[in-house]
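Please open the structure in a viewer and keep the selection tool at hand. The tour below proceeds stop by stop, naming what to select and what is to be found there.

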Amino acid sequence: MSRRLANVTLDNLDDLPYRCRRCVFWELDPVNGNRAIEAGDPGLEKEAWISSTLLEWGSCGKIVYVDGVAAGFVLYAPPHHVPRSVAFPTSPVSADAVLLMTAHIIPEFSGGGLGRMLVQGVAKDLTRRGVRAIEAFGDLKWEQPGACVMSADYLLSVGFKTVRPHLRFPRLRLELKSAVSWREDVEVALERLLGSMSPERALRPV
């Protein structure tokens, strides 16, 4: 069984699950998101967001493939690229952090370590780019498979710490600065930092 990670681009955007390919929960503010859905063109808005973020900032997502089949993905970006982030009661995201927006593992591929592979891929990318931390909004009442907001319990289980509590949507943070300081062997450093992660439990799906 072969596995590989690829950056999300306009060329492989259609490899995302159809529902996720057309979802603009994070990419647009609530008002414009509703307008896009009513107009029937959220897929075009998603494409436009990916395009502009790639041009202005760089890689903003990863897709994991198993034997050539897309099995899961993750999206992330600086908070100023994510309009929905300001709608949360625990916003804003810290200026030195990148927002982990959402992630999803196709159910038939769950339990095989793909969640860990995605999270490590994001951390490696951001560490090499000098980012200090990853932040995310968690849902303490997460029950809906396929929800756009990740489970707070999952985030806590993989090393995130609560930086702003809330009864429903706490903001959590994973520091990467320790990994950045281990420049002599970034792969070993990230394995130390993330090796204990077991994200499948809550990345099924997010």
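What follows is a guided tour of a predicted model.

**First stop: the loop before helix 2, and the helix itself**

Begin by selecting Glu 27, in the loop between helix 1 (18-21) and helix 2. Is this residue buried or exposed? At 3% relative accessibility, Glu 27 counts as buried. Now add Pro 42 to the selection. Glu 27 and Pro 42 are 15 residues apart in the sequence, and their C-alpha atoms lie 9.9 Å apart in space.

Move on to Asp 29 and the start of helix 2, which covers residues 30-39. A side-chain oxygen of Asp 29 comes to within 3.0 Å of the backbone nitrogen of Val 31.

Within helix 2, select Asn 34. This residue is partly exposed, with a relative accessible area of 45%. Show Val 24 as well: Asn 34 and Val 24 are ten residues apart along the chain, and 9.1 Å separates their C-alpha atoms.

Finish this stop at Gly 40, which follows helix 2 and has a positive phi, near 80°.

**Second stop: strands 2, 3 and 4**

Select strand 2 (61-66) together with strand 3 (69-77). The two strands run antiparallel and are joined by six bridges. To see one pair of facing residues, display Val 64 and, opposite it in strand 3, Gly 72.

Next, centre the view on the turn of this hairpin, where two residues lie between strand 2 and strand 3. Asp 67 is in that turn. Although Asp 67 is not a glycine, its phi is positive, at about 50°.

Keep strand 3 in view and consider its surroundings. How many of its nine residues are buried? Eight of the nine are, and strand 3 is thus described as mostly covered.

Add strand 4 (97-105) to the selection. Strand 3 and strand 4 also run antiparallel, with six bridges joining them. Here Val 74 has Ala 103 in strand 4 as its bridge partner. In a regular strand, side chains alternate between the two faces of the sheet.

Then select Ser 91 and Pro 92. A cis peptide bond joins them, with omega at about 5°. Pro 92 belongs to the loop between strand 3 and strand 4.

**Third stop: Thr 102 and the cysteines**

Return to strand 4 and select Thr 102. Thr 102 is buried, with a relative accessible area of 9%. Its side chain reaches the backbone oxygen of Cys 148 at 3.1 Å.

Follow that contact to Cys 148, and show Cys 23 beside it. What is the distance from the sulfur of Cys 148 to the closest cysteine sulfur? The sulfur of Cys 23 is the closest, at 3.5 Å. The two are not bonded, because this distance is too far for a bond; the cut-off for a disulfide is a pair of cysteine sulfur atoms within 2.5 Å. A search of the whole structure finds zero disulfides.

Cys 148 itself is buried, with a relative accessible area of 19%. For another cysteine, select Cys 60, which is buried with a relative accessible area of 0%.

**Fourth stop: an internal cavity**

If the viewer can display cavities, turn to them now. A search of the whole structure finds three cavities of 30 Å³ or more. This stop concerns the second largest, which holds about 50 Å³ of space.

To locate the second largest cavity, select its lining: Val 74, Leu 100, Val 119, Val 122, Ile 134 and Phe 160. Val 74 will be recognised from the second stop, where it was paired with Ala 103 in strand 4. Which classes of residue make up the lining? Six are nonpolar, with no polar and no charged residues.

**Last stop: strands 7 and 8**

Conclude by selecting strand 7 (residues 161-164) and strand 8 (residues 171-175). These strands pair in the antiparallel sense over three bridges. A hairpin of six residues connects strand 7 to strand 8. Display Lys 161 and look across to strand 8, where Arg 173 stands opposite.

Notes:
Residues are numbered from 1 along each chain as its sequence is written. This is a predicted model: local features need pLDDT of at least 70, side-chain atom pairs count only at pLDDT 80 or more; totals for chains, interfaces and linings use all residues. Side-chain values use heavy atoms; hydrogens and water are left out. On a 1 Å grid over the protein atoms alone, a cavity is a set of points where a 1.4 Å probe fits but cannot get out, and a pocket is an open set with protein on both sides within 12 Å along at least five of seven lines; lining residues have an atom within 4 Å of a point. Grid points are joined across faces, edges and corners, and a volume is the space filled by probe spheres set on the points. Ala, Val, Leu, Ile, Met, Phe, Trp, Tyr, Cys and Pro count as nonpolar, Asp, Glu, Lys and Arg as charged, and the others, Gly among them, as polar. Buried means under 20% relative accessible area, exposed over 50%, partly exposed in between (1.4 Å probe, protein chains only). A polar contact is a pair of N or O atoms within 3.5 Å; within protein, one must be able to donate a hydrogen and the other to accept it, and residues adjacent in sequence count only if both atoms are side-chain atoms. Helices (H or I, at least four residues) and strands (E, at least two) are DSSP runs, numbered from the N terminus. Two strands pair if DSSP finds at least two bridges between them.
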